[in-house]
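Biologist: Hi, I'm new to this one. Could you pull it up and walk me through it?

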Amino acid sequence: MLNEEKIKLMTSIAMFEQKEGKKIFPLSCYFRSDYISRHLLGAFFGYTLCCLLGIILWVLYHLELLLTNIEIDMLLSLGKRFGLIYLGGLVLYLLITAVVYWKRYEYSIAGMRIYMAKLKRLEKRYEYQNKVKEMSKEGVRYDRSSGI
């Protein structure tokens, strides 16, 4: 005989897996610090590459001006300015990246808790049915309210 409550619960679990599974399950194999630091490292290299490409474009655009007015003091001041802009942008970008991936990890943990609660509830339903079957084989009536 089919149990409607179990069918609804199993359907709910399947829908949850289908909808949220791609976001939640891959994150469950990481510790929070590993997950965030992995993305911070990628963000660092991505930001550094973009800055280097931006500097190369700027130098190519202003190449004639740089070659005609080349002075050590000017190059040092440009280097300091680019360095400060790079560091300020890097700190801001890494901070935003850390917050975003912290939130994603927290969302994943909350989703895993929901998923595990649904699985435990389904497991309890199976345990209850098995207990009822065992009791009926022995000829004892199982009363749900008293637990006997």
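Biologist: Let's jump right in: is Glu 106 buried, exposed or partly exposed?

Modeller: Glu 106 is partly exposed, because its relative accessible area is 30%, and the cut-offs are under 20% for buried and over 50% for exposed. Keep in mind that this is a predicted model.

Biologist: Okay. What does the side chain of Glu 106 meet in a salt bridge?

Modeller: Its partner is Arg 32, with 2.6 Å from N to O. Arg 32 also counts as partly exposed, at 32% relative accessibility.

Biologist: Which parts does that pair tie together?

Modeller: Glu 106 sits in helix H4 and Arg 32 in helix H2, so the bridge links parts that are 74 residues apart in sequence.

Biologist: And how many salt bridges turn up in the whole structure?

Modeller: Just one, going by a search of the whole structure.

Biologist: Tell me about H2 then. How far does it reach?

Modeller: H2 runs over residues 32-61, which is 30 residues. From first C-alpha to last it reaches 43 Å, close to the 44 Å expected at 1.5 Å a residue.

Biologist: Which residues of H2 are buried?

Modeller: Tyr 35, Ile 36, Ala 43, Tyr 47 and Thr 48.

Biologist: What about the surface? Which residues form the nonpolar patch there?

Modeller: The patch is made of Leu 49, Leu 53, Ile 55, Ile 56, Val 59, Leu 60, Leu 63 and Leu 67, and together they have about 710 Å² of accessible area. H2 gives the largest share, six residues. Helix H3 (63-68) also supplies at least two.

Biologist: Take Leu 63 from that list. Where is it, and how open is it?

Modeller: Leu 63 lies in H3. It counts as partly exposed because its relative accessibility is 37%.

Biologist: Switching to the inside: which residues make up the largest nonpolar core?

Modeller: Seven residues: Leu 9, Ile 13, Phe 16, Ile 24, Met 112, Tyr 115 and Leu 122. Helix H1 (4-24) and H4 are the elements that give two or more residues to this core. H1 has the largest share, with four.

Biologist: What is Leu 9 in contact with, leaving aside its neighbours in sequence?

Modeller: Once you set aside residues within four places in sequence, Leu 9 is in contact with Lys 118, Arg 121 and Leu 122. Apart from that largest core there is another one, of five residues, including Leu 27, Ile 36, Tyr 101 and Tyr 105.

Biologist: What does Ser 108 touch?

Modeller: Lys 23, Ile 24 and Leu 27, not counting residues up to four places away in sequence. Ser 108 is in H4, residues 72-138, and counts as buried because its relative accessibility is 1%.

Biologist: Is Ala 110 buried, exposed or partly exposed?

Modeller: Ala 110, also found in H4, counts as partly exposed because its relative accessibility is 35%.

Biologist: How far apart are Ala 110 and Ile 24 in space?

Modeller: They're 9.0 Å apart, C-alpha to C-alpha, with their positions 86 residues apart in sequence.

Biologist: Last pair: what separates Ala 117 and Asp 34?

Modeller: Their C-alpha atoms are separated by 25 Å, and along the chain they are 83 residues apart. Ala 117 is another residue found in H4; at 45% relative accessibility, it counts as partly exposed.

Technical notes. Residues numbered from 1 in each chain as written. Predicted model: local features only at pLDDT ≥ 70, side-chain atom pairs only at ≥ 80, totals over all residues. Heavy atoms only, no water. Expected span 1.5 Å × (residues − 1). Buried < 20%, exposed > 50% of the residue type's maximum accessible area, 1.4 Å probe, protein only. Patch = residues over 30% accessible without salt bridge, like charges linked within 9 Å, V, L, I, M, F, W, Y side chains within 5 Å. Areas by Shrake-Rupley, 256 points an atom, 1.4 Å probe, with all protein chains shown as cover. Salt bridge = Lys/Arg side-chain N within 4 Å of Asp/Glu carboxyl O. Contact = heavy atoms within 4.5 Å. Core = buried A, V, L, I, M, F, W, Y, C linked by side-chain atoms within 4.5 Å.
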